[in-house]
Structure formats: structure tokens, C-alpha cells
Amino acid sequence: MARRSTDDPRDTHGTPSDGPRRDGKAGGRRRLTADDWAEAALSAIGEGGLSAVAVEPIAARLGTTKGSFYWHFANRDALVDAALERWEQLHTEAVIATAEAEPDPERRLRVLFAHASAASAADPLEVSLLATAAEPRVAAALRRVTDRRIGYVTGLFAALGFPAAEARLRGLLAYTAYLGNTQLGHAVPESLPGEADRDRYLDSVIDTLLCREGPGATGRR
């Protein structure tokens, strides 16, 4: 986990030298935080996969030196862990918190699906993480996130009156639809509806998932 190293380069006050980064107030310098490094590492993963997480290139991206890195992290693995934790927080917990602002579970489901689909279309990070699922740290994070997301969506279907087993089935189907949409959006974007028809398409996906008639549907309890 993040920690301060006792033998790494710092400025004359014993703090990391963070270069010219500014805080916007009269040109003052703002010290980089561990979250700044984690966010930069996530950007690197989105652009080049896990192998793109390297201290010197990320330091250059942030306009700082390796001394700043060692102030916050013991090694590269600690940075990867921090980046994955930040991904879980921003791309799962924060999205769920946004959806929770909607009192109606059906509306919550639609907001969640639309928000998540739009975010994944704009950012290749999820696709990059799925491509590196063989790496143990990434695999563990993907398991946690997948369980959390499917569990949350399953709860929405249960709140809409579906029996527990079917709610789980529909939660899983909803998540696979999201992942398929994400993969296609980056691999073959022209296969998906354009911006003008995207909302109608996403609504049709949710309408299909909410359908209580047809093969396998058992209706409300």
C-alpha cells in the first residue's frame, strides 16, 4: 500500500519534489497526492494496458520526478493496487451512488445502464482491464467489481418483483449486455447505434430485460 520512503529524493523541506504542477491560485504549486498518481496510472492502463504502468513515464505525465512517487508508494505493485482501488471506487461505487438518488428501482436501472454505457464508451479502461485479466491483481479486482455490480443489479430486479433466482439471472444478463456493448463500442463501434439512436437502443435493452412474458419468464411474485 502507499507509504513514504525514508531514503528518496525530496526538496529541502523533506517533502517530494513535484515539479511545476499548479493549484490555480496565483500560480502556487500543489503537491501531488497518491490519488493523482493512481489516476495517472489508470489513464496509462486505459491507453496501454497494465504494462504501461511504469514510474518514469507516469512521473513525466504528471510533470514531476520519481521522488514524488516514492513519497507515496513503496513500489510499482503498490501503485497498481491503488489504481485498481480507485477504479473500483470511481467506476462502481460512485456510479451506484448516483443511481441510488433515483427512488424508483426501474428508473434506477435505466439511469445506471445509460450512465455506465456512456462512460465505458468514452474510456477504454474497462476493455484494457478485461484484456489483462490473467494478472492476479487485476483478476482479483475484476472479481470484486463483477460481484458488486451483478449483485446490485440483481437487487434492482428483486425490488421490481422478480423471484430471487430470476432476478439473479436477469442481473447477470444485464451485466453481460453491458460488457458486450462496451467491447463492441471499442472494437467495432460502427456496429452499435449512433448517438441519435443510442438512448432508444439502451431503453430497448432494459425493456427486454424487464419483460415478464415469454420463455423463462415467471412474472411477479
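**Rings, core and pocket**

Me: How many aromatic pairs does the structure hold?
Reply: Rings of Phe, Tyr and Trp (its six-membered ring) pair if their centres lie within 6.5 Å. This is a predicted model, so local features need pLDDT of at least 70, side-chain atom pairs count only at pLDDT 80 or more, and totals for chains, interfaces and linings use all residues. Residues are numbered from 1 along each chain as its sequence is written, and side-chain values use heavy atoms, with hydrogens and water left out. On that footing, the number of aromatic pairs in the structure is five.

Me: Are the rings of Phe157 and Phe162 stacked, tilted or edge-to-face?
Reply: Planes under 30 degrees apart count as stacked, over 60 as edge-to-face and the rest as tilted. The ring centres of Phe157 and Phe162 are 5.9 Å apart and their planes sit at 70°, so this pair is edge-to-face.

Me: Is Phe157 buried or exposed?
Reply: Let's set the scale: buried means under 20% relative accessible area, exposed over 50% and partly exposed in between (1.4 Å probe, protein chains only). Phe157 has 0% relative accessibility, so Phe157 counts as buried. Its ring partner Phe162 also comes out at 0%, so Phe162 is likewise buried.

Me: Which residues form a cluster linked by ring pairs?
Reply: Here several rings pair up in a chain of links rather than on their own. The cluster is made of Trp37, Phe69, Tyr70 and Phe73.

Me: How many helices does the protein have?
Reply: Helices (H or I, at least four residues) and strands (E, at least two) are DSSP runs, numbered from the N terminus. Along the sequence the pattern reads α-α-α-α-α-α-α-α-α. There are zero strands, and the number of helices is nine.

Me: Which helix gives the largest share of the largest nonpolar core?
Reply: A nonpolar core is a set of buried Ala, Val, Leu, Ile, Met, Phe, Trp, Tyr and Cys residues joined through side-chain atoms within 4.5 Å. The largest one has 52 residues, and Trp37, Ile58, Leu79, Trp87, Leu129 and Phe157 have the most contacts inside it. Several helices supply at least two residues of this core, including H1 (34-48), H2 (55-62) and H9 (195-210). With ten residues, the largest share comes from H4.

Me: Which residues does Ala174 contact, leaving aside its neighbours within four places in sequence?
Reply: Ala174 lies in helix H8, and at 5% relative accessibility it counts as buried. Its C-alpha atom is 8.5 Å from that of Phe113, which is 61 residues away along the chain. Taking contact as heavy atoms within 4.5 Å, Ala174 touches Phe113, Val153, Phe157 and Leu209.

Me: What is the volume of the largest pocket?
Reply: On a 1 Å grid over the protein atoms alone, a pocket is an open set of points where a 1.4 Å probe fits, with protein on both sides within 12 Å along at least five of seven lines. Grid points are joined across faces, edges and corners, and a volume is the space filled by probe spheres set on the points. For the largest pocket, that gives about 320 Å³.

Me: Which helix supplies the largest share of that pocket's lining?
Reply: Lining residues have an atom within 4 Å of a point. There are 22 of them, with Val95, Leu112, Ala116, Arg149 and Tyr178 nearest the centre. Seven residues of the lining, the largest share, come from H5.
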